[in-house]
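Good morning, and thank you for coming. I shall speak about packing, one pocket and two backbone angles.

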Amino acid sequence: MTGHRTGLDEGPGRHGVGGGGSAAHGGGTAPWADKLWAAVRVADEYAALDVVTDALADGLEPESVLLDVIGAVQHKVGVEWAANRMSVADEHAATAINDRVIAALPARRPANSRGRITVACVDQEWHALPARLVSETLRLRGWHVDYLGAQVPTAHLIGHIHRTGPDAVCLSGSLPTRLPLAHSAITAVQAAGTPVMAGGPAFGADGRYARLLGADAWAPDARAAADRLAAGPLSRPTPAHQATDDLPHLRDQEYTLVAQSSTRLVRDTFRSLEERFPAMRDYSDEQREHTAEDIAHVVGFLTAALYVDADEVFSGFLVWTAEVLTARDVPARSLLPCLDLLQEQLHDFPRACRLLDAGRSTLTPRP
């Protein structure tokens, strides 16, 4: 770890959730997306609002403006940040503008509501814009939508369900580190008698973790979610059950023990790095803080991978992180000492060691 600020808390798949789906929907929208991108890139909120207003006046459907213009630009924001062509501050400003221009879209009350849907982010998931894209798409298609935003504690989500009685809950998650909390939310909502549709990169590009965690449906993007809900009601959920019913490997307690020791793992790994790499002692306070944050992300993704017992969750994070580091002129091999030190501490945990070995292989070039 180098102490270089990478912003790894942005997370892989940061902006890809809730988009428009098939590129076939994008015909004729590219010029408008280019105009919105130009406005967003210079942080000109008024110009961005003009683009959306003009696109609507020109006859572009609100759903296309939402997903193929605003959604496409938000995806590009994530790509540009990862490539180090936007700072974290620029990314946040662009996201705020995109969130603001969504409010310029028409919000007509439907004559006959299709039903009621609750849309929420998993607890501790602060990437809210993807969920909002889903919410606005459903509204445009005639649903009564309760949009709860980012970081919704599961207990509060259940309270809302009991008060409002939605037909389904759409649960959004961008970061795989939230998968254990997502599982808790899915089982709790189902225990309340309400089906759950999951979406977002946290659940895998093909929805494999949505299925693994027992979600009643999965959608890759906002259009697919709206199409699935329009096709008919989701099946009523199965009776209440335990996490180990879906994930029997949790019975080995590796996930629980590693999760409980995560703070110690980060602390001891940081201290060992200082001992083995004396140059770290000359790091500034800011560099030391960033190094600790990066170690914490590695431990967080390792823990999430243990939860779902999937090498690709951990290895995928390392590949994405290596790309982000490389774009910032930081060698990807700087991650390897952290993996080695974690394996020394977790040598009694066979699944954790398997994940670390897989991660190391991903980062080590083949001869």
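**Core, pocket and backbone**

The largest nonpolar core has 62 residues, and those with the most contacts inside it are Phe203, Leu213, Val308, Phe314, Leu339 and Leu346. Helix α13 (residues 285-308) gives the most to this core, with ten residues. A nonpolar core here is a set of buried Ala, Val, Leu, Ile, Met, Phe, Trp, Tyr and Cys residues joined through side-chain atoms within 4.5 Å. Buried means under 20% relative accessible area, exposed over 50%, and partly exposed in between, with a 1.4 Å probe and protein chains only. Helices are DSSP runs of H or I with at least four residues, numbered from the N terminus.

This is a predicted model: local features need pLDDT of at least 70, side-chain atom pairs count only at pLDDT 80 or more, and totals for chains, interfaces and linings use all residues. Residues are numbered from 1 along each chain as its sequence is written, and side-chain values use heavy atoms, with hydrogens and water left out.

Leaving aside neighbours within four places in sequence, Leu339 is in contact (heavy atoms within 4.5 Å) with Val298, Phe314, Leu318, Leu356, Gly359, Arg360 and Leu363. Apart from the largest core lies another, of 45 residues, among them Ala55, Val73, Leu129 and Ala217.

I turn to the backbone. Asp309, in the loop between α13 and α14 (311-327), has a positive phi, near 55°. Asp309 counts as partly exposed because its relative accessibility is 29%. Asp329 lies in the loop between α14 and α15 (336-345), and its phi is also positive, near 60°. At 75% relative accessibility, Asp329 counts as exposed.

Definitions and conventions. Helix = DSSP H or I, 4+ residues; strand = E, 2+ residues; numbered from the N terminus.
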